[in-house]
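Reader: I am in my first year and still learning to read structures like this one. Could you take me slowly through one part of the packing inside, and then show me how the pieces around that part are put together?

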Amino acid sequence: MTAKILLLALSLATVATAPAAVSLGTDAPVAQPTSTEGPAKGALDAYREGRHSIGVDLAKPLAAKGNADALFLLGFAAETGQGLPASREAALENYKKAADAGHKDASYRRALILLNSKEKEERQQGREALESSARSDAANAGRILGEAWLRGLLSEKPDFNQAADWWNKASEAGDTPSIILLARLYEEAFGPFEKADPKRALELYRKAAGLGDENALIPLGSRLLNGDEKLRNEKEGREWLDKALGKKQFAAYLALGDFEENVKKSDKAALAQYMKGADEKQPDCMLRVAAFHLEGKAVEKSEKTGREWLTKASEAGNPVAALELASRIIKDEKPDLLAAYKFLLSAANAGLPVAQNELGLLYVSGNLGLSDPTAGVAWFTSAAKSGFAAAQNNLGTLFERGMGVPVDFNNAGQLYMLAANQGHAAATTGLARLHAAGQGTDQNLPKAWALASLAIERGDNEAKTLLGDLTSKLDDQQMKAAKKELEALKKPATEQPAAEQPAAEQPAAEQPAAEQPAAEQPAAEQPAAEQPAAEQPAAEQPAAEPATPPSPAPEAPAGEKEQP
């Protein structure tokens, strides 16, 4: 990875978008039970102060008498594993009893657990509970239902229209977080939306800010300065950002800097704003300052100073800075691999798929002193779950070769298919190889020829040897069928027969064996998955994959391959 990625990340960064008020993730932090007046006050106070076991002991006799607050505390303790052994069943049971006793928060916590279930029936129970709650509390229940529809928990795929409907209902009930979520939906922050409307999004941010939601201040000010040119209003934008700074929301300096850099075209003025944010320890502003020093914008170009700012940004919690720093260290003449590993691990733990993929490559390569394919599998899997094509290809490679996992051509084929559907050249070659050998699927030389041809068109010259071998084996009739297959592959995914569409949206390693299809052909020429620029690989070069034997090596770490 090079500074090119850093600058792309900076140019596409979203300025201080407000987080969802409710996260449906099972690993999301949940609010501590709050103290209330009543019999359970002592138990709640003890628990909130960190004396979890004491709080639980005080709550138990009250819960036995049906006290709703005490039951909620026990449910929370079982859900989080703080004060009681972690138990999904115990959490659900106590939350249900608390909800039946009139504890509204308990009904929401229970619904959240059910919505995250793998069982469709339980997710439906969660939906019904929330829809029932929405009759009397449209604000909170509607917000949660909107996110559930957005994440595809209540349908086969995300349903933005249903999300919009529920967030509209919650917004009308005065829920400002739902207003902000709705604004983000209209500006396509969650993905393409047929009803996208930047003007409507701006109106919603303005409404939320007017109702006093501080989370709307920076998004509103930023869009008035840096958004759709027809909707810009410098005076109003600065006023909202001044209000944000008055609330010590220092990311406002990021929006002001972006305005100077991208709209006013003044690098000097931009750097001055970024420096104000950096002085306040704002991580994204620190990253901007690092980029200016690394590129020599408005200051003398300095690798040393740039790295110092990257280090500060990383220590302040910016994973992109950690990833960039790791990449630069790896490419040093005498790289400090332990230092690079530290920063790469930080970025990977923060959830950046490209960092997880690079860390997997580092473990597989043995550059840390000892090859550890099992650790590589774990990190590739994390990145693959995010839809990161390079990681899907690398994980497929390990399944094909039996590195860190047993040989499983079925899994390899599914993972190659997921990556190939995003246009990944080496993964397309992997599919061709499996079809040519009949591994994980029936042998199909015409389809293998078509896939190899497509892989070459996508940039994988390593597929040329395989294509030549296949060409020599096809008779005239098979060649005619192969060319027809290639034409079909090049059609947009929506025009392909249903049987040719991907059978799953997750790596095969995460599916039951009975549901893992054999190697399928990719839907040709689909756009790559929509990932932040900072999470894209430094070089989308195909893996160096030998034609004989037909088992590729994982893609080389970014620091070990030629950068474009």
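Author: Leaving aside its neighbours within four places in sequence, leucine 130 is in contact with Tyr108, Ala111, Leu115, Ala141, Ile144 and Leu145. Please keep in mind throughout that this is a predicted model.

Leu130 also has a place in a wider picture, for the largest nonpolar core holds 128 residues, and Leu130, Leu185, Trp449 and Leu470 are the members that touch the most others. The largest share of this core, eight residues, is supplied by helix H18, which covers residues 319-330. Apart from this core lies another one, made of 22 residues, among them Ala43, Leu44, Ala77 and Ala106.

Two of the residues just named, Trp449 and Leu470, lead us on to a pair of helices, since Trp449 is listed on the H25 side and Leu470 on the H26 side of their contact. The axes of helix H25 (residues 445-457) and helix H26 (residues 463-473) come within 9 Å and cross at roughly 150°. An angle over 145 degrees counts as roughly antiparallel, and H25 and H26 are therefore described as roughly antiparallel to each other. The crossing in which H25 passes H26 is left-handed. Where the two helices meet, H25 brings Leu445, Ala448, Trp449, Ala452, Ser453, Ala455 and Ile456, while H26 brings Ala463, Lys464, Leu466, Leu467, Leu470, Thr471 and Lys473. Sorted by class, this contact has 10 nonpolar, two polar and two charged residues.

Ala448, one of the H25 residues in that contact, can also be set beside glutamate 485, because it helps to compare distance along the chain with distance in space: the two are 37 residues apart in sequence and 9.4 Å apart in space, C-alpha to C-alpha. Glutamate 485 lies in helix H27, residues 476-489, and with a relative accessible area of 18% it is buried, as the cut-off for that word is under 20%.

A second pair of helices can be read in the same careful way. The axes of helix H11 (residues 198-210) and helix H12 (residues 217-226) come within 9 Å and cross at roughly 140°, which makes H11 oblique to H12. H11 passes H12 in a left-handed crossing. In this contact, Leu202, Tyr205, Arg206 and Ala209 belong to H11, and Leu217, Pro219, Leu220, Arg223 and Leu224 belong to H12. By class, the contact of H11 with H12 has seven nonpolar, no polar and two charged residues.

Conventions: Residues are numbered from 1 along each chain as its sequence is written. This is a predicted model: local features need pLDDT of at least 70, side-chain atom pairs count only at pLDDT 80 or more; totals for chains, interfaces and linings use all residues. Side-chain values use heavy atoms; hydrogens and water are left out. Axes are lines fitted to C-alpha atoms, for helices over the stretch in contact, and angles run from 0 to 180 degrees between N-to-C directions. Helices (H or I, at least four residues) and strands (E, at least two) are DSSP runs, numbered from the N terminus. Angles under 35 degrees count as roughly parallel, over 145 as roughly antiparallel, 65 to 115 as roughly perpendicular and the rest as oblique. A crossing is left-handed if the near helix is turned anticlockwise from the far one by less than a right angle, and right-handed if clockwise. Contact means heavy atoms within 4.5 Å. Ala, Val, Leu, Ile, Met, Phe, Trp, Tyr, Cys and Pro count as nonpolar, Asp, Glu, Lys and Arg as charged, and the others, Gly among them, as polar. Buried means under 20% relative accessible area, exposed over 50%, partly exposed in between (1.4 Å probe, protein chains only). A nonpolar core is a set of buried Ala, Val, Leu, Ile, Met, Phe, Trp, Tyr and Cys residues joined through side-chain atoms within 4.5 Å.
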